[in-house]
Amino acid sequence: MWRSGWRASGALRRLGGRSANLRAWRWGSTTACERALRFQVGEKIQGFTVGQVTSVPELCLTAVKLSHDGTGARYLHLAREDRNNLFSVQFRTTPVDSSGVPHVLEHTVLCGSRKYPCRDPFFKMLNRSLSTFMNAFTASDYTLYPFSTQNPKDFQNLLSVYLDAVFFPCLRELDFWQEGWRLEHEDPNDPQTPLVFKGVVFNEMKGAFADNERTFSQHLQSRLLPDHTYAVVSGGDPLCIPDLTWEQLRQFHATHYHPSNARFFTYGDFPLEQHLKQIHEEALSKFEKIEPRTAVPAQRPWPEPREFQITCARDSLAAGSSEQTTVSVSFLLPDITNTFEAFTLSLLSSLLISGPNSPFYKALVESGLGTDFSPDAGYNGCTREAYFSVGLQGIAEKDIQTVRDLVDRTLDDVILQGFEDDRIEALLHKVEIQMKHQSASFGLALASHVASCWNHDGDPVECLKLGSQVARFRQCLEENPKFLQEKLKQYFKDNRHKLILSMKPDDQYAEKQAQVEAEKLKQKVDSLSPEDKQRIYEKGLELQTQQSRPQDASCLPALKVSDIEPRIPVTELDVVLAGGETPVQLCAQPTNGLVYFRALSSLNTLPEELRPYVPLFCAVLTKLGCGVLGYREQAQQVELKTGGMAAAPCVLPDDSHLDTYEQGVLFSSFCLDRNLPDMMHLWSEIFNNPRFEEEEHFRVLVRMAAQELSNGVPDAGHVYASVRAGRTLAPAGDLQETFEGMDQVRLMQRVADMADVRPVLRKLPRIKKHLLSCDHLRCSVNATPQQMSRAGTAVDTFVRSLGRSQKERKPLRPHVVEKPALGGSSPVMRRLVMEPTFTPCQVKTHFLLPFPVSYVAECVRTAPYSHPDHASLKVLARLMTAKFLHTEIREKGGAYGGGAKLSYGGMFTLYSYRDPRSTETLQSFVKAVDWARSGRFTQQDIDEAKLSVFSAVDSPVAPSDRGLDHFLYGLSDEMKQKHREQLFAVHREALVDVSTRYLGPGRSTHGLALLGPDNARTAKDPSWIVR
Ligand SMILES: [Zn+2]
């Protein structure tokens, strides 16, 4: 995959640490941190020399820096009491053209290596391992290969495959053709069909630039940093990719994927010595040191600001069709290796743009001129020199100058007035809370946090010392109250390296792009000799043969099904009643000084006509003010006292009946232990006295939400297609489409376009009446054992503060089934909606969207979680993905991805992602089902599919989220254990049986959906609904 940068990097990532005083949670007598502290500077270990050993208490880890004696490879180990161990190797890849060479290389090294010459070992390892994460990323100036796993044997296996892939790849010509680009006949078997461009990266990048935000971000970076590698597209410009040759690819590998240009990173509680030994023996000992010459030189500062205009496709989903111009003002900031300056500027940037109290939010977002901030607004620290950008999207072209003036004027005002102390306090509180909050993939978060700074030879350990940076920041403010204002003057107002970039829609954009591509194609084809053409035809056939050949993956290491833990870990839960009757689930966990509070409220009594507005209600509920607090004061309180408060609609399918589901709204929040009473008071005010009066602010929030939804479609097209395809197959499907499908995207667009939003605003108090009371409410708390009784009291106070409906409201759906809420003995019932007369029906929908690629989904109604067939279908989905659909849809079809999956509620979905084909892919789905029914797979294939299923089932769960399955779905440990045993028991006959009974022709009802450009086939075929 390709990223134009790690979006989440910078000082304000969600970092979390496990508290050092919770020794009881550690395992083993000596901890990984303590063992690491015993390394001595200068000590030689397995071909490496220790350079530095540092304890980082704020993140509960010990950092060990080393370098490899023979090659100069750099190494950073972070020892931490976390079983989810991570490895990554990072190369500085700094291309000077837009052929996408680092990106194509990232794909091709994963196609087979010296020790593991089978095709695609990387994808095969997904099924032979219990990895919790495996991927590869191409950023603007580095390429990163990370994996994580909780199993030591698996770690060694994956390490061996990764090392061999990056240092000794085969880089065969056919791999380059498949992954990069090639000319091939539209139908490779028929030399009469026209020659076209194909290739995975070629299509991936066409898809990526269908996203206007991404186009804007790319131009922003390229134009602001034009001197070296940032001027080009590291992922590849679709029009330049066909200039790349196989020879250039191999050359780039030789100079960039060398240990002297590599940075190794390991994280977790496995012993460091073993990692070093394996890396030295299997890879580094085979190289000599070189001078890599991959450094990015400093950007020369400009004497004068610059301006550029670009164009983009019109977004048919966005609100305000005439107002689709984007403009931003950006400033070049200092080198990111200056860690404290980078930290300061990222905080300063947050003060400038985040939240409704920030000056740019007030000046720009609330000006009513546009829909939301421009892409990449804020601090961007992924390039050697960082930059700050701010502007608006969704504006009228005539307002460009107004926005520019507003930016300048706002900066002047802030330089004059400074920031309120409370806002600075709230921001530092946010840093503190983010250090404590631990995600399930903490190692990966750390690897990405240090990647950019380290890439430019900055000190990665300095980047981790957030506690000391906060202290130094406070000291600077104390010594000089104008500290931040002076920085603003220096880096913003007086900075001549300033870029004004605007982008406006061009109705002919897609046609022009297609035309340029057609010209490029013609030029390539015209230059071919008859011999070349013959060779292309033969290569196309060869590639097809290679892709269809049965593959022997026996050279690859693998775990066995017997390596999987037979039992699930037990999650201890308690249930108490608050206010006498509201159940509260208590889950004691090492949450590191944080309390996580959630509540779920039923939607059963809500009138039908209000349902489509529930997502909007949720989006604005915690942002419009409550009680005596206006929306600005409320935002201030939320930032000062909590780590966030949010509401989201949810549709929870039942574990045992397809036509039964629970509908509700989930409220979630977390805070430092000491702030719990304040947070619960805020919830109490939001439930009892929400304010739905601020029409102007409501309008701003609606525009932002609509813009965000429409921008998200290209990235999640397969999800939208899947939701749509499942809409008419089960009662929950229709509600899912209403809440999170294309219908919701279009509804939000209509609301954002309304001249008068008051009719919509007036619906909110009506929704509130049905939702915000203690009728049919349940709560959950995750906190440390020491905090539990205090937390119980705080929740009790909250529940007692809530009103009850005067009259018992009747659920609107006549059939409601009751299931015990939170544990069998609880007197409180979950009320699930049941539609016993529901009849599924087949519908095919094509959403016309101006994308150059499509997203295809076919959905089948099968069996829910508790049904014995569910386990077989789950293994079948993995099996079909790995053994059939991957080859068919990605390798042969040229799509970026595709596969099969089974939802908890029993919807079996086949899908493709960024697919150059559309309805043809439906034929591949039919073939996949035939393949499954014929049973043409081996026991080894089944075992691999099981490993892959279990690596998902057993993926680590953060302390904040443990017990959540039970809270939401009523899933007990016993039910999960039973399901686990069903998974172990899946066998060949069961797989053939379920594929015949559910997926075979004429069996279950199918739903189909397609997102993408118009298509003669769906237009002509009356069974398709085209929208
Ligand atoms: Zn890619």
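Are Trp683 and Phe687 buried or exposed? Select the two residues to begin: Trp683 is buried, and Phe687 is buried as well. Keep in mind throughout that this is a predicted model.

**Stop 1: the aromatic pair in H22**

Stay on these two side chains. The structure holds 41 aromatic pairs. In the pair of Trp683 and Phe687, the ring centres are 6.2 Å apart and the planes stand at 85°, so the arrangement is edge-to-face. Planes over 60 degrees apart are counted that way. Show helix H22 (residues 676–688) as a ribbon: Trp683 and Phe687 are four residues apart in it, a separation of about one helical turn. An α-helix has 3.6 residues a turn, so residues three or four places apart point the same way.

**Stop 2: the zinc site**

Next, select the zinc ion together with His103, His107 and Glu204. The donor atoms are NE2 of His103, NE2 of His107 and two OE entries from Glu204, at 2.1 to 2.7 Å from the zinc ion. Along the chain, the donors follow the spacing H-x3-H-x96-E. His107 is in helix H2 (residues 101–108) and Glu204 is in helix H6 (residues 200–208), so this pair ties together parts 97 residues apart in sequence.

What is the geometry of the site of the zinc ion? The angles among the four donor atoms run from 52 to 151°, and the site is irregular. A tetrahedral label would need all angles between 85 and 135 degrees. For comparison, ideal angles at a metal are 109.5 degrees for four tetrahedral donors. Colour by accessibility to see that His107 and Glu204 are both buried.

**Stop 3: salt bridges across the chain**

How many salt bridges does the structure hold? There are 67 salt bridges; three of them follow here.

Select Asp457 and Arg92. Their side chains meet in a salt bridge, with 3.6 Å from N to O. The two residues come from distant parts of the chain, 365 residues apart: Asp457 is in the loop between helix H14 (442–455) and helix H15 (460–464), while Arg92 is in strand S5 (residues 85–92). Asp457 is partly exposed, with a relative accessible area of 44%, whereas Arg92 is buried at 6%. Now add Arg74 and Arg263 to the selection: with Arg92 and Asp457 they are linked in a network of salt bridges.

Move to Arg128 and Glu944. The closest N and O atoms of this salt bridge are 2.7 Å apart. Here the partners are 816 residues apart, with Arg128 in the loop between helix H3 (121–125) and strand S6 (133–134) and Glu944 in helix H32 (residues 939–953). Both Arg128 and Glu944 are buried.

Then select Arg724 and Asp743, which form a salt bridge with 3.2 Å between the closest N and O atoms. Arg724 belongs to helix H24 (residues 717–725) and Asp743 to helix H26 (residues 742–753), so the pair ties together parts that are 19 residues apart in sequence. Arg724 is buried at 7% relative accessible area, and Asp743 counts as partly exposed at 23%.

**Stop 4: charges over rings**

Display Trp246 and Arg250: Arg250 lies over the face of Trp246, at 4.0 Å from the ring centre. Then go to Tyr911, where the charged end of Lys901 sits over the ring, 4.9 Å from its centre.

**Stop 5: helix H10 and its ends**

Select residues 339–353, which make up helix H10. At 1.5 Å a residue, its 15 residues should span 21 Å, and the end C-alpha atoms are 21 Å apart, which agrees. H10 is mostly covered, with 15 of its 15 residues buried. After the helix comes Gly355, which has a positive phi near 85°. On the other side, find Thr337 in the loop between strand S13 (325–335) and H10. Thr337 is partly exposed, with a relative accessible area of 26%.

**Stop 6: two long distances**

Zoom out, keep Thr337 selected and add Val860. Their C-alpha atoms are separated by 52 Å, and the residues lie 523 apart along the chain.

Finish with Glu479, found in helix H16 (residues 466–479). At 60% relative accessibility, Glu479 counts as exposed. Draw a distance from its C-alpha atom to that of Leu885: the separation is 63 Å, for residues 406 apart along the chain.

Definitions and conventions: Residues are numbered from 1 along each chain as its sequence is written. This is a predicted model: local features need pLDDT of at least 70, side-chain atom pairs count only at pLDDT 80 or more; totals for chains, interfaces and linings use all residues. Side-chain values use heavy atoms; hydrogens and water are left out. Donors are N, O and S atoms within 2.8 Å of the metal (3.2 Å for Na, K and Ca); water is not among the atoms, so sites may look incomplete. Four donors count as tetrahedral if all angles lie between 85 and 135 degrees; four count as square planar and six as octahedral if opposite donors are over 155 degrees apart and all others between 65 and 115; anything else is irregular. Buried means under 20% relative accessible area, exposed over 50%, partly exposed in between (1.4 Å probe, protein chains only). A salt bridge is a side-chain nitrogen of Lys or Arg within 4 Å of a carboxyl oxygen of Asp or Glu. The expected span of a helix is 1.5 Å times one less than its number of residues. Rings of Phe, Tyr and Trp (its six-membered ring) pair if their centres lie within 6.5 Å; planes under 30 degrees apart count as stacked, over 60 as edge-to-face and the rest as tilted. A charge sits over a ring if NZ of Lys or CZ of Arg is within 6 Å of the ring centre and within 35 degrees of the ring normal.
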